[in-house]
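Colleague: Got a minute to go through this model with me? Just the plain picture, please.

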Amino acid sequence: MAVETISLTHTYAVGTAFEFTAIKGVTFKTLAHEFIGIIGHTGSGKSTLIQHLNKLLTPTSGSVIVNGFDLSDKKMPMKEIVKRVGIVFQYPEYQLFEETVYKDIAFGPTNLGFSKSETDFLVREAMDFVSLDFEKLKDESPFDLSGGQKRRVAIAGVLAMKPQILVLDEPASGLDPVGREGILRSIRRMNKEIGISIFLVSHNMDDVAEYCDRVMVFSKGELLLFESPNEVFAHADLLESIGLEVPQAKKVLLMLKERGFSVDASFYTCDEAVAEIARCLRQAKPC
Amino acid sequence: MNDITVGQYYPVDSPMHRLDPRTKLKGVFLYVMGLFFVNNLYGYGIAFILLCVCVACSKVPISYVLRSLKPILMVIVFTSIINLVWTQGNVVWQMGFIKITDSGISLAANMAARLVLIITGSSLLTLTTTTVALTDGIEMLLRKVPLLSKVSHEIGMMMSIALSFIPTLTEELDRIVKAQKSRGADFESGNIAARAKAMIPILVPLFVSAIQRASELAMAMESRCYTGGTNRTRMKELKYRPADHLSMTCLVAALAACYFTKALV
């Protein structure tokens with residue numbers, strides 16, 4: 001599903017001493033099935049933006065259009081919106097509340113009015129997608145699980161609602177490297193296999209470089225760049241000036257270039273960088 | 001959640017903000033006590049002017065001060081009606097079984113005026129005093145109370161921790177509500193039973209995280225060898241300044257004037 005915003009602006013606590021404009025004049029258009037990365041320093045307006053995508057916040061001015069429907073249209077009930085746009089907040093394990101994993105994941109689909117058998121199917125499917133063993137875990141208490149498993153249960157809880165757009169705010173933060181990769185891989189599978197559009201908010205440039213089709217760069221509430229990772233990471237100086245950096249692999253290439261190696265520093269993923277350095281070394285060696 | 005004005009600090013710099021928290025605490029205490037001795041229009045007039053001067057000195061917008069009245073507006077209206085209808089006295093107006101008496105009117109007006117002044121006055125205290133200053137002030141004042149002087153530090157500490165948790169928990173609550181709304185939870189429709197049940201997905205995670213936070217804080221305090229009690233010194237000592245003595249004198253004088261208006265009627 002495509003998402004579009006037109007000069008979206010949001011101001012908190014209008015008319016008080018706490019008045020604060022979190023995002024101003026944000027206009028963009030995404031395509032269906034796209035994997036979008038959202039990066040920006042803390043307080044750059046990322047969280048405010050994503051809360052507009054399922055109408056948790058309403059714009060102070062401007063509009064949000066999801067698949068042709070203007071979200072400010074009053075006729076659109078909240079349930080119809082959350083059915084289409086799922087949001088996984090930061091540290092989603094804090095929203096778990098049920099006695100069993102099964103019940104917790106079934107909370108969303110039940111709210112949306114799916115029947116018992118449909119819900120059962122959706123819970124199985126969602127657990128399978130985030131690599132949780134249905135038979136083994138369905139009757140466990142979610143509070144007895146490990147941190148990584150809790151996170152998966154929480155993501156499955158949103159996934160079970162069958163959203164066509166999935167927004168994830170730092171889904172991998174605070175997890176160990178294995179857990180991190182597992183979660184990001186699952187998200188990529190959702191995107192590639194069932195064609196869910198993904199919005200991934202992240203502070204980790206390597207993840208963004210590896211997984212995203214296009215990247216939004218936010219600074220002080222404004223959308224600075226919205227391009228492919230290749231083009232975004234070409235602006236190394238700009239990123240640095242707003243408190244971000246380029247992926248590790250690209251950093252290595254840039255440093256090598258600075259030292260006089262004839263590498264092409266436009267690559268940004270780890271595999272590409274390795275290949276490029278190997279090529280450079282082979283070339284330098286007189287055979 | 002933005003309607004909670006009591007306990008919400010309004011960050012500007014003003015003479016009122018700069019007063020010693022003890023002065024403000026004692027002032028509010030005296031003001032509230034004083035209001036119970038007032039029983040005529042002149043007295044309320046002086047009390048009202050006093051409050052207006054304080055609000056003007058505080059630089060807090062009037063709309064903000066008045067917002068604290070919103071939650072208890074119903075209480076004021078309700079008690080006024082009860083007082084108006086149920087008080088015995090000389091009947092001034094009658095319709096069917098409803099009788100309105102002169103003493104009913106005066107009692108209702110008295111109560112309403114008192115409530116409005118008390119609530120506005122005490123919310124002015126929290127609007128102009130940070131929670132840290134407030135608990136410091138309470139702790140210092142409790143030291144002078146005979147039975148509580150030994151545990152005054154512990155009481156102050158407990159209060160400041162409890163108060164500092166309020167914004168954190170409010171934020172947490174907001175996050176949980178948003179997360180559950182995103183999962184299709186509906187808090188706005190259905191009868192009372194359905195709505196109460198709809199609170200479970202919010203309250204369970206909120207309690208879990210509150211307990212977790214409390215135990216983490218206890219651990220952090222213990223690992224830094226926290227001990228309360230007598231030998232603790234503080235970085236910012238509270239000191240009365242001339243402004244404190246001046247405002248206290250003015251307050252006492254105004255309250256005395258309120259009291260002696262009795263002689264006028």
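**The A–B interface and beyond**

Modeller: Sure: 26 residues of chain A are in contact with 23 residues of chain B, contact meaning heavy atoms within 4.5 Å. This is a predicted model, where local features need pLDDT of at least 70 and side-chain atom pairs count only at pLDDT 80 or more, while totals for chains, interfaces and linings use all residues. Residues are numbered from 1 along each chain as its sequence is written, chains are lettered from A in the order written, and side-chain values use heavy atoms, without hydrogens and water.

Colleague: OK, and what area is buried between chain A and chain B?

Modeller: About 2,000 Å², with carbon and sulfur atoms giving 63%. Buried area is the accessible area (1.4 Å probe) that two parts lose on being put together, summed over both.

Colleague: Which residues form the salt bridge there?

Modeller: There's 1 between the two chains: B:R183 with A:D104, closest N and O atoms 2.9 Å apart. The rule is a side-chain nitrogen of Lys or Arg within 4 Å of a carboxyl oxygen of Asp or Glu.

Colleague: Which element gives the most to chain A's side?

Modeller: α3(A), with 5 residues. Helices are DSSP runs (H or I, at least four residues) and strands likewise (E, at least two), numbered from the N terminus.

Colleague: Switching topic, how many salt bridges over all chains?

Modeller: The count comes to 20. One of them joins the side chains of A:E34 and A:R214, at 2.5 Å from N to O.

Colleague: What does that pair tie together?

Modeller: A:E34 is in the loop between β2 (20–29) and β3 (35–40) of chain A, and A:R214 is in strand β9 (residues 214–219) of chain A, so the pair links parts 180 residues apart in sequence.
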